[in-house]
Amino acid sequence: MKRLLIAMFVLLGLLQYRLWWGQNSLPESFQLQEQIKFQRESNAKLIERNQVLKEEILDLRRGTEALEERARNELGMVKQGETFFRVVGEPQRKAEIGEQ
C-alpha cells in the first residue's frame, strides 16, 4: 500500500512539474494566447489598410478625378489655363505664440 501511495505522489509531482514548468505549460499557454491576441489586432489593422488601398486602386481605375487629385496634391501639377498661387506666411507655431 505504501508503494502505491509513494508512486501516486511521484506521479502527481511529475504532472505538476509538466503543468507549471514543462513543455506546453500553463504560463507558456497564457503567453501564446496573448501573442495570438496581438497578432489578431495587427491582422485587423492590416486588413483595414488593404481595404483602403483596394478602394484607392478602384478609384484610380474608374475615373480621372482621382488621378487628377493625386497629380495636383503630390506632383503639384496644374491644368492648362489655370493659374497657380502659393501663399507664403509665417509658420503656424509662430502665429499661435503671437496670439497669446
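Helices here are DSSP runs of H or I with at least four residues, numbered from the N terminus. Keep that in mind for the exercises, and remember that the model is predicted.

**Exercise 1. Work out which helix holds E55, and whether E55 is buried or exposed or in between.**

Solution.
- Start with the helix: E55 sits in α2, and α2 covers 26–62.
- Next, take the relative accessible area of E55, which is 45%.
- Buried needs under 20% and exposed needs over 50%, with partly exposed in between.
- So E55, at 45%, comes out as partly exposed.

**Exercise 2. Find the residues that form the negative surface patch with E55, and say which helices supply them.**

Solution.
- The patch consists of E55, D59, E65 and E69.
- Now for the helices: α2 (26–62) gives at least two of the patch residues, and so does α3 (64–75).
- A patch residue must have over 30% relative accessible area and no salt bridge. E55 clears the area cut-off because its value is 45%.

**Exercise 3. Track down the salt bridge in the chain and describe where its two partners lie.**

Solution.
- First the count: there is one salt bridge.
- The partners are K37 and E34, whose side chains meet at 3.9 Å, N to O.
- The rule asks for a nitrogen of Lys or Arg within 4 Å of a carboxyl oxygen of Asp or Glu, so the K37 and E34 pair at 3.9 Å makes the cut.
- Both residues belong to helix α2, three residues apart, or about one turn of the helix.
- How covered are they? K37 has 43% relative accessibility, so K37 is partly exposed. E34 has 36%, so E34 is partly exposed too.

**Exercise 4. Use the overall numbers to describe the fold of the chain.**

Solution.
- Secondary structure: the chain has four helices and zero strands, which along the sequence reads α-α-α-α.
- Extent: the radius of gyration is 32 Å, whereas a compact globule of 100 residues would be near 13 Å.
- Box: along the principal axes, the C-alpha atoms fill roughly 105 × 50 × 15 Å.
- Burial: 4% of the 100 residues are buried.
- Surface: about 10,300 Å² is accessible, and carbon and sulfur atoms account for 57% of that.

**Exercise 5. State how far apart the mean positions of the positive and negative charges are.**

Solution.
- Count the charges in the chain: 16 positive and 15 negative.
- Then compare their mean positions, which lie 14 Å apart.

Terms used
Residues numbered from 1 in each chain as written. Predicted model: local features only at pLDDT ≥ 70, side-chain atom pairs only at ≥ 80, totals over all residues. Heavy atoms only, no water. Rg over C-alpha atoms; globule rule 2.2 N^0.38 Å. Buried < 20%, exposed > 50% of the residue type's maximum accessible area, 1.4 Å probe, protein only. Areas by Shrake-Rupley, 256 points an atom, 1.4 Å probe, with all protein chains shown as cover. Lys, Arg positive; Asp, Glu negative; His and termini not counted. Charge placed at Lys NZ, Arg CZ, Asp CG, Glu CD. Patch = residues over 30% accessible without salt bridge, like charges linked within 9 Å, V, L, I, M, F, W, Y side chains within 5 Å.
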